[in-house]
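Me: I would like a close look at a single part of this structure, the cysteines and any bond between them, and then a connected account of how the surroundings are built. Please take your time over it and keep the reasoning visible.

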Amino acid sequence: MKHIINSHENINATAGDNSDCPRVVLPEEIFFTISIVGVLENLIVLLAVFKNKNLQAPMYFFICSLAISDMLGSLYKILENILIILRNMGYLKPRGSFETTADDIIDSLFVLSLLGSIFSLSVIAADRYITIFHALRYHSIVTMRRTVVVLAVIWTFCTASGIAMVIFSHHVPTVITFTSLFPLMLVFILCLYVHMFLLARSHTRKISTLPRTNMKGAITLTILLGVFIFCWAPFVLHVLLMTFCPSNPYCACYMSLFQVNGMLIMCNAVIDPFIYAFRSPELRDAFTKMVFCFCRYFQ
């Protein structure tokens with residue numbers, strides 16, 4: 001691949017030429033299996049929300065947005081593996097027009113996954129903030145209509161940005177824009193957390209009277225954010241090092257872990273649905289009912 005998301009072969013070759021660090025190579029079967037599991041798990045999340053009317057609330061729609069982002073990240077890897085298999089079998093001409101176009105589309109899915117995750121987590125953070133500090137006005141502020149409009153704007157922007165970033169990925173400003181969104185999201189959510197902490201100190205009695213579900217939602221967001229940072233930060237760092245110091249032996253040594261960083265991204269899509277199920281009794285019940293119905297269907 002010639003864009004931000006380079007092929008494993010090119011990245012590993014660069015790392016091997018500039019450092020003595022051994023290249024970490026993981027079997028493609030592992031990536032493919034984890035990706036399939038990630039797609040299926042997040043598809044279950046989407047089906048659970050859309051099939052249960054009691055889950056059709058703004059908060060769960062925002063969670064669906066994050067689930068779609070995770071699913072796109074897993075789908076990216078599945079399509080990439082299929083493309084590699086077709087090329088190795090001789091069905092595709094190496095670096096041909098079809099492969100180049102397919103490569104661009106697959107790269108766009110990956111960028112879309114990251115952008116979707118960033119904005120989904122940000123809007124979930126804003127939703128939790130409103131839930132805690134404007135609980136009485138929450139349903140008048142966060143309406144279903146506004147939720148749909150916000151999500152439509154987010155995904156339209158992410159789609160357009162993803163395509164633009166792939167087209168202009170060979171420009172350094174594009175890489176800087178791509179990687180800067182990650183810390184900007186962290187700053188935004190950190191500002192919300194600091195403000196929440198300061199308000200909590202001055203409204204301790206008011207906060208203590210809030211329903212436990214409101215505070216539980218904030219804790220769930222914290223867990224999701226922590227997992228997202230752990231899984232995506234190594235790749236974002238990899239992109240920065242690849243752009244600004246590809247020949248440095250220390251940078252090249254880190255870049256030899258490219259496949260490990262990719263594995264972490266795939267794991268994020270698998271972990272998030274477990275967090276939803278563990279933290280939300282409503283989603284857990286919906287998952288259980290769906291599994292029982294699925295088992296009965298095949299009996």
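Reply: Cys245 and Cys251 form a disulfide in this predicted model, with their sulfur atoms 2.0 Å apart, and a search of the whole structure finds 1 disulfide. The torsion about the S-S bond of Cys245 and Cys251 is about -90 degrees, and the disulfide is therefore left-handed. As for the cover over the two partners, Cys245 has a relative accessibility of 19%, which places this residue among the buried ones because the limit for that class is under 20%. Cys251 is likewise counted as buried, at a relative accessibility of 10%.

Other cysteines deserve a word beside this pair. The sulfur of Cys231 has its closest cysteine sulfur in Cys267, at 6.5 Å, which is too far for a bond because a disulfide is taken to need sulfur atoms within 2.5 Å. Cys231 is itself buried, with a relative accessible area of 2%, and Cys64 also counts as buried, at 4% relative accessibility.

To place these residues in their setting, it helps to step back to the chain. The protein chain has 12 helices and 0 strands, and 49% of its 299 residues count as buried. Among the contacts in the chain with a separation of 6 or more, 82% are made by residues 24 or more positions apart. The accessible surface of the chain comes to about 15600 Å², and carbon and sulfur atoms account for 71% of that area.

Two residues earlier in the sequence lead back towards the region of the disulfide. His170 sits in the loop between H6 and helix H7, the latter spanning residues 172-202, and this histidine is exposed, with a relative accessible area of 60%. Although His170 and Thr243 are 73 residues apart in sequence, their C-alpha atoms are 9.5 Å apart in space. Thr179 lies in helix H7 and, with a relative accessible area of 6%, is buried. The side chain of Thr179 reaches the backbone oxygen of Ile176 at 3.2 Å, while its contacts beyond the neighbours within four places in sequence are with Val236, Val239 and Leu240.

A buried acidic residue offers another view of how parts of the chain meet. Asp127 belongs to helix H4, which covers residues 97-133, and its relative accessible area of 2% makes this residue buried. The side chains of Asp127 and Tyr138 are joined by a polar contact of 2.5 Å. Once the neighbours within four places in sequence are left aside, Tyr138 appears again among the contacts of Asp127, together with Met59, Phe62 and Val142.

Arg146, by contrast with the buried aspartate, is partly exposed, at a relative accessible area of 48%, and this arginine is found in helix H6, residues 144-167. A polar atom of the Arg146 side chain lies 2.8 Å from the backbone oxygen of Ile141, and, when residues up to four places away in sequence are not counted, Arg146 touches Ser140 and Ile141. Arg146 and Pro58 are 88 residues apart along the chain, yet the separation between their C-alpha atoms is 8.9 Å.

Finally, the surface carries a nonpolar patch, formed by Phe32, Ile36, Leu40, Leu75, Leu79, Ile82, Ile85, Leu86, Met89 and Tyr91, with about 870 Å² of accessible area together. Helix H2 (28-51) and helix H3 (58-88) are the elements that give two or more residues to this patch, and H3 supplies the largest share, 5 residues. Ile82, one of the patch residues, lies in helix H3 and is partly exposed, with a relative accessible area of 38%.

To return to the part you asked about, the bond between Cys245 and Cys251 is a left-handed disulfide, and both of its cysteines count as buried, Cys245 at 19% and Cys251 at 10%.

Terms used:
Residues are numbered from 1 along each chain as its sequence is written. This is a predicted model: local features need pLDDT of at least 70, side-chain atom pairs count only at pLDDT 80 or more; totals for chains, interfaces and linings use all residues. Side-chain values use heavy atoms; hydrogens and water are left out. Helices (H or I, at least four residues) and strands (E, at least two) are DSSP runs, numbered from the N terminus. Buried means under 20% relative accessible area, exposed over 50%, partly exposed in between (1.4 Å probe, protein chains only). A polar contact is a pair of N or O atoms within 3.5 Å; within protein, one must be able to donate a hydrogen and the other to accept it, and residues adjacent in sequence count only if both atoms are side-chain atoms. Contact means heavy atoms within 4.5 Å. Patches are made of residues with over 30% relative accessible area and no salt bridge: like charges are joined within 9 Å, nonpolar side chains (Val, Leu, Ile, Met, Phe, Trp, Tyr) within 5 Å. Accessible areas come from the Shrake-Rupley method with a 1.4 Å probe; for residues, only the protein chains shown count as cover. A salt bridge is a side-chain nitrogen of Lys or Arg within 4 Å of a carboxyl oxygen of Asp or Glu.
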